[in-house]
Each structure stands twice: as C-alpha cells, then as structure tokens.
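Hi everyone, thanks for making the time. I'd like to walk you through a structure that may be new to you, so please have a look at the screen.

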Amino acid sequence: QVQLVESGGGLVQPGGSLRLSCAASRSIFSIYALGWYRQAPGKQRELVAHITKYATTTYADSVKGRFTISRDNAKNTLYLQMNSLKPEDTAVYYCTDYAPNNWGQGTQVTVSS
C-alpha cells in the first residue's frame, strides 16, 4: 500500500493562495486516480478534486475556477493549487489513491483575516 504524506497547509488571509503537496512512497504512474478531499469541523469529508492518469479532472462546484489539481508522476507527487481562498475553504485536506481506507495524515488549511 502506498504511503501518502500531505504538506503545504497553513494560515492564509481571504483571497490568498496555497499549494498543497501529497508525496507518495512509490511510483504513482500506474495509479489510475488520485484525489483531494477535505473535512471541516462537524462536517463529513468531501471531494475537492480528482485526477486520473489520463489527466482528466473533476472538481467540486465550490472550488471550480479557483483550485487546480495536478500530478507529477516523475516526482510521485500530487498537487492542489488553491487560489482566491475563502473562509469556507477552512478544513483539513487529505489526499487518497482510492485504495481502501488509504489516506494521508492531512494538512490543515485555515482561511481567516
């Protein structure tokens, strides 16, 4: 099972940007799909964005036009570029390769003035 480690979270003001990274412990070239999810306090974990090995992407309506998911197979890393951040984007962000119960430890994103 591939190990996933997220990084890049932090505190940012509304309108700011962050780039999250998810480093995998082995090659991600053959992994069909990778995704970013988030979980805010008191809420269920929800899909943020999803990318296949063919670079097909899917985004939650709430982040379309603001977030961009990408994968670098040579670096075994998944990214999430987040622009125009809003307070409602505050959550712990997780990456997954869709293997059963395979998640990273999460990285906290807080959007606040």
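I'll start with the whole protein, then go to the sheet, and finish with one residue.

One thing to keep in mind is that this is a predicted model. The protein has ten strands and zero helices, so if you read the elements from the N terminus, you just say beta ten times over. What about its overall compactness? The radius of gyration is 13 Å, close to the 13 Å that the globule rule gives for 113 residues, so the protein is as compact as a globular protein of that length. Along its principal axes, the C-alpha trace spans about 40 × 25 × 20 Å.

How much of the protein is buried? Buried residues make up 45% of the 113. As for the surface, the protein exposes about 6,000 Å², and carbon and sulfur atoms supply 49% of that. And if we take contacts between residues at least 6 apart in sequence, 53% of them join residues at least 24 apart.

Now to the sheet. Six strands make up an open sheet, in the order S2-S10-S9-S4-S5-S6, and the pairing is mixed. At the edges we have strand S2, residues 10-12, and strand S6, residues 57-59, each of which pairs on one side only. From one strand to the next, the twist averages 20°.

Let's stop at S4, residues 33-39. Is this strand mostly covered or mostly open? Mostly covered: six of its seven residues are buried. S4 runs antiparallel to S5, with six bridges joining the two, and antiparallel to S9, with five bridges. Tyr37 is a nice one to follow here, since its bridge partner in S5 is Leu47, while in S9 it stands opposite Tyr94. S4 and S5 also form a hairpin with six residues between them, and Gly42 in that turn has a positive phi of about 75°.

Moving on from S5, residues 46-52, we reach S6: these two run antiparallel and are joined by three bridges. His50, for example, has Thr58 in S6 as its bridge partner.

My last stop is Thr96, which sits in strand S9, residues 91-96. Is Thr96 buried or exposed? With a relative accessible area of 3%, Thr96 is buried. A polar atom of the Thr96 side chain lies 3.0 Å from the backbone nitrogen of Tyr98. Beyond its neighbours within four places in sequence, Thr96 is in contact with several residues, among them Leu4, Tyr37 and Trp103.

That's my tour, and thanks for listening!

Key
Residues are numbered from 1 along each chain as its sequence is written. This is a predicted model: local features need pLDDT of at least 70, side-chain atom pairs count only at pLDDT 80 or more; totals for chains, interfaces and linings use all residues. Side-chain values use heavy atoms; hydrogens and water are left out. Two strands pair if DSSP finds at least two bridges between them. Helices (H or I, at least four residues) and strands (E, at least two) are DSSP runs, numbered from the N terminus. Axes are lines fitted to C-alpha atoms, for helices over the stretch in contact, and angles run from 0 to 180 degrees between N-to-C directions. Buried means under 20% relative accessible area, exposed over 50%, partly exposed in between (1.4 Å probe, protein chains only). A polar contact is a pair of N or O atoms within 3.5 Å; within protein, one must be able to donate a hydrogen and the other to accept it, and residues adjacent in sequence count only if both atoms are side-chain atoms. Contact means heavy atoms within 4.5 Å. The radius of gyration is taken over C-alpha atoms; the globule rule is 2.2 Å times the number of residues to the power 0.38. Accessible areas come from the Shrake-Rupley method with a 1.4 Å probe; for residues, only the protein chains shown count as cover.
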